[in-house]
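User: I am new to this structure and should like to understand how its descriptive terms are justified. Please explain the reasoning behind them.

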Amino acid sequence: MINRPTPKKVRIRRSMMFMNAQKPNLLKDAYIYGVDSIIMDLEDAVAENQKDSARFSLFNTLKNIDYGDTEVIVRINGLDTPHWQEDVRVCVAAGVDGIRIAKCESADDVRTVEKAVAAAEAEFGVESGRTLLMAALESPIGIMHAYEICTASTRLFGVAISAGDLRKSLHVKSEPGGVEMFTARSQVVMAARAAGVQCFDTMWPNLDDEAGFEAETIQARQLGFDGKSLINPRQIAFVHQTFAPTKAEIAYAEKLIRSFNAQQDSGIGVYTVDGKLVDVPFFDDARRVLAQAKAIGIYHGEL
């Protein structure tokens with residue numbers, strides 16, 4: 001039996017790839033793709049009469065496959081279904097790193113799942129607090145309650161926006177440039193940053209439209225998301241490239257840190273680097289860039 005290490009609330013999560021929990025032939029090799037996080041899906045990917053067999057498959061896969069550093073998250077069924085409580089018990093017993101709350105609409109939804117997780121940890125002798133949570137925001141009310149959701153539990157490491165149901169609720173369709181999702185995306189990023197948790201963009205469903213996928217991924221990075229949900233391994237490389245600091249960003253961050261260290265004892269709070277006015281918040285961001293690059297493995301200097 002595999003015993004996974006204690007999950008980290010803060011870690012690199014550029015890519016989160018959905019996998020059908022009912023298909024062990026897919027799940028057993030999922031870690032070889034190099035994705036940051038795997039989301040084993042017990043919700044939409046599994047037919048209503050196959051929920052029990054999917055849970056059985058998930059449990060046995062997690063107990064026998066070593067996923068190494070790849071994070072394992074499970075999307076449970078919605079709280080309006082009869083399935084979610086048993087989903088939670090199986091997830092905790094199997095030792096998942098985190099649980100994704102589908103169609104989350106309030107802080108109470110988070111606290112309801114948190115309570116069930118704590119009970120399952122006690123039931124199965126799992127370290128208290130080990131199982132992390134994330135919330136998927138898929139409706140207008142969920143978006144409106146984003147900050148309350150982000151601050152509802154110390155277990156919660158992040159929130160994800162899910163566009164399919166949200167577009168239906170907004171009475172819109174996917175548009176070039178994502179104009180129909182811009183407000184919702186911005187609200188989710190703002191709430192996550194205010195709460196100090198991570199945020200993740202929705203998946204791109206059209207595998208034949210690579211240009212659209214790349215444009216949406218770049219936009220998500222520009223808006224401030226930490227990563228993106230995926231449905232296919234061939235999307236991983238571009239997402240990792242997009243959500244990683246560039247060589248130019250790393251070089252500039254190093255220059256900022258060096259200048260800060262040189263000016264630290266001079267009493268000067270604001271000055272210029274490469275002709276740009278900088279002050280303390282710039283240096284904090286430079287440290288963040290270098291820390292991210294180091295965690296990814298593309299920077300080996302001192303922070």
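Analyst: The questions below concern a predicted model, and each answer sets a value against its criterion.

User: Why is Ser37 called buried?

Analyst: The term buried requires a relative accessible area under 20%. Ser37 has a value of 0%, and is therefore buried. Ser37 belongs to strand E2, residues 37-41, and it touches several residues distant in sequence, including Arg13, Met17 and Ile73. Ser37 and Ile73 are 36 residues apart in sequence, yet their C-alpha atoms are 7.0 Å apart in space.

User: What makes the pairing of the side chains of Ser37 and Glu71 a polar contact?

Analyst: A polar contact needs a pair of N or O atoms within 3.5 Å. The side chains of Ser37 and Glu71 are joined at 2.7 Å, so the criterion of distance is met.

User: How do you know that Asp97 is buried?

Analyst: Asp97 has a relative accessible area of 3%, and the limit is under 20%, so Asp97 qualifies as buried. Asp97 lies in the loop between helix H3 and strand E4. Its side chain reaches the backbone nitrogen of Val72 at 2.8 Å, and among the residues that Asp97 touches are Arg4, Thr70, Glu71 and Leu132.

User: What makes the span of helix H12 agree with its number of residues?

Analyst: At 1.5 Å a residue, the 17 residues of H12 should span 24 Å; the end C-alpha atoms are 25 Å apart, so the two values agree. The buried residues of H12 include Phe283, Val289 and Leu290. H12 is followed by Gly297, which has a positive phi, near 100°.

Terms used:
Residues numbered from 1 in each chain as written. Predicted model: local features only at pLDDT ≥ 70, side-chain atom pairs only at ≥ 80, totals over all residues. Heavy atoms only, no water. Helix = DSSP H or I, 4+ residues; strand = E, 2+ residues; numbered from the N terminus. Expected span 1.5 Å × (residues − 1). Buried < 20%, exposed > 50% of the residue type's maximum accessible area, 1.4 Å probe, protein only. Contact = heavy atoms within 4.5 Å. Polar contact = N/O pair within 3.5 Å; in protein donor to acceptor, adjacent residues only side chain to side chain. Lists of a residue's contacts leave out its neighbours within four places in sequence.
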